[in-house]
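Please walk through this protein fold, moving from the way its helices cross to the charged pairs along them. The aim is a careful reading of the packing first and of the side chains afterwards.

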Amino acid sequence: MQQLLHRGAAMTQHREEVLGASWDDLKLFLACAKYKSFRNAAEELALTSTTLMRRIDRLEESIGCKLFLRDQSGLTLSDEGTAMIADVAHMERHAFNVFRRASRSSSDTAGTVRVAVTEGPGNFWILPRLIDFQKTYRKITVDLRCAMEQADVARLESDIAIQLEPPTNPDLIVAKLGRLHIYPFVSKEYENLYGVPATLAELKNHRIIKQSAPQVDDGAYARVLGLKSLEGIVGIKTNSSVGVLYAVERGAGIGFLPTVSIALGAPLIAVDLGVSHHADLWLTYHKEFRDSERHKVVVDWLKKIFDPKTHPCFRDEFIHPNALVPMMTAAREGFGLTGYVAVTPG
């Protein structure tokens with residue numbers, strides 16, 4: 001009997017220790033499972049690797065088992081970690097839902113709506129139209145975040161996201177906005193100095209400005225061009241789509257840009273190599289925001305300004321950039337846009 005009492009006391013104490021595990025440490029566990037590396041997870045969390053490892057050690061000690069197998073290649077979930085990951089992710093989803101409901105508690109069209117979008121569409125398409133939107137909806141603050149890193153809407157990194165890959169989370173509402181058609185361009189200065197390639201075989205005598213960034217298919221350039229490698233062809237590599245546009249404008253080489261760039265008046269020359277590429281734009285937001293008035297206003301507005309029926313540059317079918325120019329003139333004037341503003345160094 002005495003042994004049973006001691007065993008019962010020990011089990012009770014262990015339960016209390018487990019229940020006392022920090023929710024912050026559980027979130028760190030999720031980050032480590034996502035990035036499969038202490039270093040990568042620590043960078044994302046703005047912690048040192050040492051601090052993160054110490055916190056995970058503390059969590060493992062409190063629950064009495066190892067969550068990760070650690071080796072030189074990184075982190076792998078142990079059997080116990082695999083069994084635990086779904087429950088902790090479920091806890092996180094419910095925690096985020098609490099904050100989402102609080103943020104949409106008011107039915108008034110007032111407050112902040114965070115919109116995450118890739119650089120090009122954000123800077124050159126949404127931002128100019130956002131000025132007129134703000135004149136109409138003065139109580140709504142749109143926090144526009146333009147970056148190639150994909151924001152996780154389910155984890156409250158943004159309220160609404162426009163991204164190049166559709167999410168698979170069933171808690172999210174997903175709608176296709178349109179399609180970006182990617183085409184090679186050069187500046188008039190480049191054409192005057194070096195000419196333009198008439199065939200893919202001539203491309204080796206020119207230089208490409210290449211974007212290498214999250215959400216960009218790094219192998220698409222070589223695949224679309226039918227080349228095994230771009231070695232010796234790439235002159236400048238950058239993670240920024242704005243940087244690609246600036247480099248092309250300054251005559252640094254051939255850049256692959258959305259056809260909407262020239263449709264808006266960018267001083268570029270289309271290079272007809274018989275190739276093009278496309279990337280679909282997906283709008284996503286959490287279903288909890290369906291009843292939020294200000295979020296509905298922003299979602300409807302985003303769908304309107306990307307509507308392929310009004311803006312042919314976003315249609316599924318490819319339209320040559322030169323043919324887009326007259327088609328887009330009315331759209332620019334309708335939004336009060338006088339034309340493209342050249343990218344200049346800051």
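When the directions of two helices are compared, angles under 35 degrees count as roughly parallel, over 145 as roughly antiparallel, 65 to 115 as roughly perpendicular, and the rest as oblique. The model to which this scheme is applied here is a predicted one.

In this predicted model, helix 2 and helix 3, the latter spanning residues 38-45, pack with their axes 8 Å apart and at an angle of about 125°, and helix 2 and helix 3 are therefore oblique to each other. The crossing of these two helices, helix 2 and helix 3, is right-handed. On the side of helix 2 the contact is made by Leu28, Ala31, Cys32 and Tyr35, while helix 3 contributes Phe38, Asn40, Ala41, Glu44 and Leu45.

Helix 2 also packs against helix 4, here at an angle of about 115° and with the axes 9 Å apart. That angle makes helix 2 roughly perpendicular to helix 4, and the crossing in which helix 2 passes helix 4 is left-handed. The residues of helix 2 that take part are Asp24, Asp25, Leu26, Leu28, Phe29 and Cys32, and in helix 4 they meet Leu52, Arg55, Ile56, Arg58 and Leu59. Leu28 and Cys32 of helix 2 thus appear in the contact with helix 3 and again in the contact with helix 4.

Where does Ser49 lie in this arrangement? Ser49 belongs to helix 4, which covers residues 49-63, and with a relative accessibility of 25% Ser49 counts as partly exposed. Leaving aside the neighbours within four places in sequence, Ser49 is in contact with Phe38, Arg39 and Ala42. Ser49 and Ser37 are twelve residues apart along the chain, and their C-alpha atoms are separated by 9.4 Å.

The discussion now turns to charged side chains. Side chains of opposite charge can pair when their charged atoms come close. A search of the whole structure finds 19 salt bridges, and several of them can be followed along individual helices.

In helix 2, the side chains of Asp24 and Lys27 meet in a salt bridge with an N to O distance of 3.4 Å. Because Asp24 and Lys27 are three residues apart in helix 2, which covers residues 23-35, they are separated by about one helical turn. Both partners count as partly exposed, Asp24 at 41% relative accessibility and Lys27 at 32%. Asp24 is also one of the residues of helix 2 that meet helix 4.

A second pair is found in helix 6, residues 119-136, where Asp132 and Lys135 lie three residues apart, about one turn of the helix. Asp132 forms a salt bridge with Lys135, and the closest N and O atoms of the pair are 3.8 Å apart. How exposed are the two partners, Asp132 and Lys135? Asp132 is partly exposed, with a relative accessible area of 29%, whereas Lys135 is exposed, with a relative accessible area of 55%.

In helix 7, residues 188-194, Lys188 and Glu191 are three residues apart and so are separated by about one helical turn. Lys188 forms a salt bridge with Glu191, the closest N and O atoms being 3.1 Å apart. Lys188 counts as partly exposed at 47% relative accessibility, and Glu191 likewise counts as partly exposed at 24%. Beyond such pairs, salt bridges that share partners join Asp57, Glu60, Lys66 and Arg70 into one network.

Arg70 leads from that network to a pair of strands, for the bridge partner of Arg70 in strand 2 is Leu75. Strand 1, residues 68-71, and strand 2, residues 74-77, pair in the antiparallel sense over four bridges, and a hairpin joins strand 1 to strand 2 through two residues.

These local features belong to a chain whose secondary structure comes to twelve helices and eleven strands. Buried residues make up 43% of the 346 residues in the chain. Among contacts between residues at least 6 apart in sequence, 76% join residues at least 24 apart.

Definitions and conventions:
Residues numbered from 1 in each chain as written. Predicted model: local features only at pLDDT ≥ 70, side-chain atom pairs only at ≥ 80, totals over all residues. Heavy atoms only, no water. Salt bridge = Lys/Arg side-chain N within 4 Å of Asp/Glu carboxyl O. Buried < 20%, exposed > 50% of the residue type's maximum accessible area, 1.4 Å probe, protein only. Pairing = 2+ DSSP bridges. Axes fitted to C-alpha atoms, helices over the stretch in contact; angles between N-to-C directions. Left-handed = near helix turned anticlockwise from the far one by under 90°. Contact = heavy atoms within 4.5 Å.
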